[in-house]
Amino acid sequence: MDRRRPFRLDPRVCFHTVDLTEPTADSRVAEVLAEERTEVVVHTAFRSEPTADLEMDHELETIGSLHVMNACSAAKVKRLIVTSSTMLYGPWPDNPNFLTERHPLRGHPAAHSVANRIQVELLLEKWRSRNPDTEVTVLRNCWIFGPTYTDHVTRYFARPLVAKLMGYDPLMQFVHEDDCMHALETATLHKHPGVFNVVGPGVLPLSTILRIAGKRILPTPPPILYRMANYPSKGQSGDAPEGFYDYLRYLWVADGQRGWDAFGEPVYTTREAWMSFVSSRRMRRYR
Amino acid sequence: MNEEVEVEKSSAAESSDVLSPELLEALDGLRGEIRNRFPERRPAPVETIDWMGLVQRIQRQLSTLGMSERSGEVDEFGMDEIVLRRARPLLELLYEHYWRIELHGVDRIPDAGPCLLVANRSGLLPYDGLMVSHAIWRRRPQLRPRFMVADWLITLPFVQPYLARLGGVRACRENAERLIRSGESVLAFPEGVKGAAKVFRERYRLKRFGRGGVLRVALETRVPIIPIGIVGAEEAHPILFKWNAPARAVGLPFLPVTPTFPLFGPLGFFPLPTKWVIRIGEPISIDHLPPDAASDALLISRMNEQLRSEVQLLVDTGLSDRSSVWD
C-alpha cells in the first residue's frame with residue numbers, strides 16, 4: 001500500500017492506493033487487509049527524512065501509525081512489524097556505551113521526527129497490551145548506509161566538505177541496507193516478537209569515518225555551527241540544527257546482540273557498510 | 001696546467017699567419033683536450049615550477065594527513081591501540097620521573113579472570129586512572145584495566161576523544177558489567193566527582209562510595225574486588241577552595257582554585273610532581289554471598305562501607321610510611 005503506485009512494480013504484488021493522512025484511512029486499510037486476508041503487516045510508512053512540514057509529519061507518522069494499528073486490530077492480523085530507529089534513544093552525554101532495547105527512549109528535544117516515532121512506539125506498546133493475539137516486532141535500525149539507500153544522513157555524508165563539531169569525536173555505528181532488509185525479511189517470515197536493535201557490529205570514531213572517505217573536515221565550535229546551520233536546517237528539516245548535529249556530538253551506539261541472535265550475524269560491519277557507501281559514491285579520491 | 005694552456009693559446013694566436021697543418025691539428029687536439037678536461041659550464045636550466053603538480057601534491061598530503069600512522073581500528077569502547085602505544089613513552093616519563101611511582105602488592109591481583117579494582121579518586125583530570133592502569137600494565141602486560149571516568153569529564157570537548165582512545169570509559173554500571181563480561185578488568189573510583197572535588201584540607205579522607213554500584217557490579221558478574229590506595233595524587237592538584245558561581249555558568253560541576261590554576265591560566269592545570277605510592281590490597285571475595293545479594297540493600301551498604309574502610313586503611317598505611325610529599 002502506498003499513496004502512489006511504485007515504478008516497475010513486480011506483477012505478482014497486489015497494490016492498493018491508500019493515503020494514511022486521510023481521516024478515514026483506518027477503515028480503508030482494514031478493508032484492504034480483509035480483502036487480501038492479510039496475515040502479516042509490515043508498517044514502514046515513515047518519512048526517511050524529516051521535512052519542514054511539522055504538522056504533516058505528525059499526521060503521517062503518528063496518526064498514520066495509529067490508523068494502521070486500528071486496522072490491524074480490526075482485521076485480526078497475526079503479525080505486525082514496525083520499523084523504528086536507534087535515533088529514538090537520543091544522543092545524550094550520560095548514555096552508556098551500548099544501549100540495550102530496555103533503555104528508555106529519550107529522543108532529542110529538537111528533533112520532531114524522532115519525537116513522533118517515540119509516540120508511535122508508546123502507542124504501539126499500549127496497542128500490544130490490548131491485542132495480545134498479535135505478535136508485534138519493532139526493528140530499531142541505526143543509520144543505514146549502502147550503495148542505493150538515500151536519506152538526509154547519507155546526503156550529509158556525501159558532501160565533500162563535512163562540518164564536524166570541534167572537540168567531539170563520538171563512536172559511530174552504521175548498518176548496511178542489505179542487513180537491514182534481511183532483518184526485515186526474517187521478521188516478516190518467521191516469528192520474532194519483541195524489540196530488536198538492527199545495527200552493524202563494530203564502532204568507528206567519526207573522525208576515522210571521514211578520513212576513510214578522504215573527506216575534508218571542517219571542525220567548527222558548536223555554537224558557531226549551530227548559528228550558521230540554523231536557517232538551512234530549519235528550512236530543510238524543520239528542526240533546530242541541534243536535532244541533527246547532536247547525533248554527531250554524543251554517543252548513541254546500540255547493542256545489537258539481541259537482533260543478531262534473532263536474525264543472524266550481519267554480513268557487513270560498520271566499517272564495511274561505510275566502505276560500501278563510499279565506494280558506490282566514488283567519493284574516495286585515489287591518487 | 002691552466003698557465004700552460006694560456007701559454008699555448010697565446011703562442012697560437014701570435015703565429016696565426018703561419019698555420020701549418022701540424023700546428024692546426026695540434027691546436028685542435030689541444031682544444032679537444034681542454035673541452036674534455038673542463039666541461040663547458042652550461043647556464044643553469046630555468047626551473048619551471050609545476051604548479052599543478054605542487055597543488056596536487058599538497059592536496060594529497062592534506063587529504064591523507066594522519067592516515068598513515070592511524071589504525072582507525074578502535075575496540076568497542078573506543079580504545080585505540082596505536083594511540084596508546086604512542087602515548088606510552090609519555091606515560092612512562094610521568095610514571096618513572098615525574099611522579100616516581102612506587103607500586104606495592106601487584107601479586108595480589110589474581111592471574112585468571114577479570115577483577116574489579118577500586119581506588120580513591122583525586123585530581124581533576126584522571127591522571128590517577130591512567131597511572132594505575134599503566135602501572136599494572138607494566139608488571140602484568142596481559143592485564144590492562146580500563147579506568148572509569150566521571151560523566152562530566154567524558155563529555156568535555158577535546159578531552160573526551162583522547163580519554164576514550166587511551167582506555168577511559170564512562171562510569172556507569174552497564175559499561176562496567178559489559179567490560180567485565182568481555183573479560184577485561186575495570187578500575188573504578190566510587191567516590192566520583194565528590195572525590196575529585198575534595199579540597200586540600202580534606203585530602204585522603206575518603207568520601208561516600210556512591211550508592212554501592214561497584215558492589216552490585218561485582219555481585220552481578222561474580223568477580224573479586226581489589227582495593228587500591230593511591231597516595232600522592234591528592235596533592236598533585238591541591239584545591240584551596242571551590243568557586244561555584246563561574247563554574248555554573250559554563251556547566252562544570254565546580255571551578256577549583258589551586259595555588260596555580262586561575263593564576264597561570266590553563267598552565268595551572270599541570271599537576272605538581274609529588275611522589276606517588278600505589279598500594280594494592282588483598283582481594284575481597286564475594287563468593288560466599290548468595291547470588292541474590294544484590295537486592296539486599298542493607299548488605300550492600302554494609303559491604304560498601306567495609307570496602308571504603310579497606311581503601312582508607314591502604315591510604316593511611318601509605319601516608320604513615322612516607323616522610324614527605326615530595327619523596
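A cavity is taken here as a set of grid points where a 1.4 Å probe fits but cannot get out. In this predicted model, five cavities of 30 Å³ or more are counted by that rule, and the largest of them holds about 250 Å³ of space. Its lining is made up of 20 residues, of which Asn97(A), Leu251(A), Ile154(B), Gln160(B) and Arg170(B) lie nearest the centre. Two or more lining residues are given by helix H7 (159-165) and by strand E4 (168-170) of chain B. By class, the lining of the largest cavity comprises 11 nonpolar, five polar and four charged residues.

The second largest cavity encloses about 90 Å³, and the residues that line it include Ser122(B), Lys198(B), Phe200(B), Arg203(B), Glu234(B) and His237(B). Helix H9 (193-196) and helix H11 (233-236) of chain B are the elements that give two or more residues to this lining, in which five nonpolar, four polar and three charged residues are found.

In chain A, helix H2 (residues 54-75) has 22 residues and reaches 30 Å from its first C-alpha to its last, close to the 32 Å expected at 1.5 Å a residue. A kink of about 30° in H2(A) is centred on Gly64(A), and Gly64(A) is also one of the buried residues of the helix, among them Asp57(A), Leu60(A), Glu61(A), His67(A), Val68(A) and Met69(A). The buried residues of H2(A) pack against helix H1 (25-36), strand E1 (40-43), strand E2 (79-85) and helix H3 (112-130) of chain A. Just after H2(A), a positive phi of about 50° is taken by Lys76(A).

Key: Residues are numbered from 1 along each chain as its sequence is written. Chains are lettered from A and ligands numbered from 1 in the order in which they are written. This is a predicted model: local features need pLDDT of at least 70, side-chain atom pairs count only at pLDDT 80 or more; totals for chains, interfaces and linings use all residues. Side-chain values use heavy atoms; hydrogens and water are left out. Helices (H or I, at least four residues) and strands (E, at least two) are DSSP runs, numbered from the N terminus. The expected span of a helix is 1.5 Å times one less than its number of residues. The bend at a residue is the angle between axes fitted to the seven residues ending there and the seven starting there. Buried means under 20% relative accessible area, exposed over 50%, partly exposed in between (1.4 Å probe, protein chains only). Contact means heavy atoms within 4.5 Å. On a 1 Å grid over the protein atoms alone, a cavity is a set of points where a 1.4 Å probe fits but cannot get out, and a pocket is an open set with protein on both sides within 12 Å along at least five of seven lines; lining residues have an atom within 4 Å of a point. Grid points are joined across faces, edges and corners, and a volume is the space filled by probe spheres set on the points. Ala, Val, Leu, Ile, Met, Phe, Trp, Tyr, Cys and Pro count as nonpolar, Asp, Glu, Lys and Arg as charged, and the others, Gly among them, as polar.
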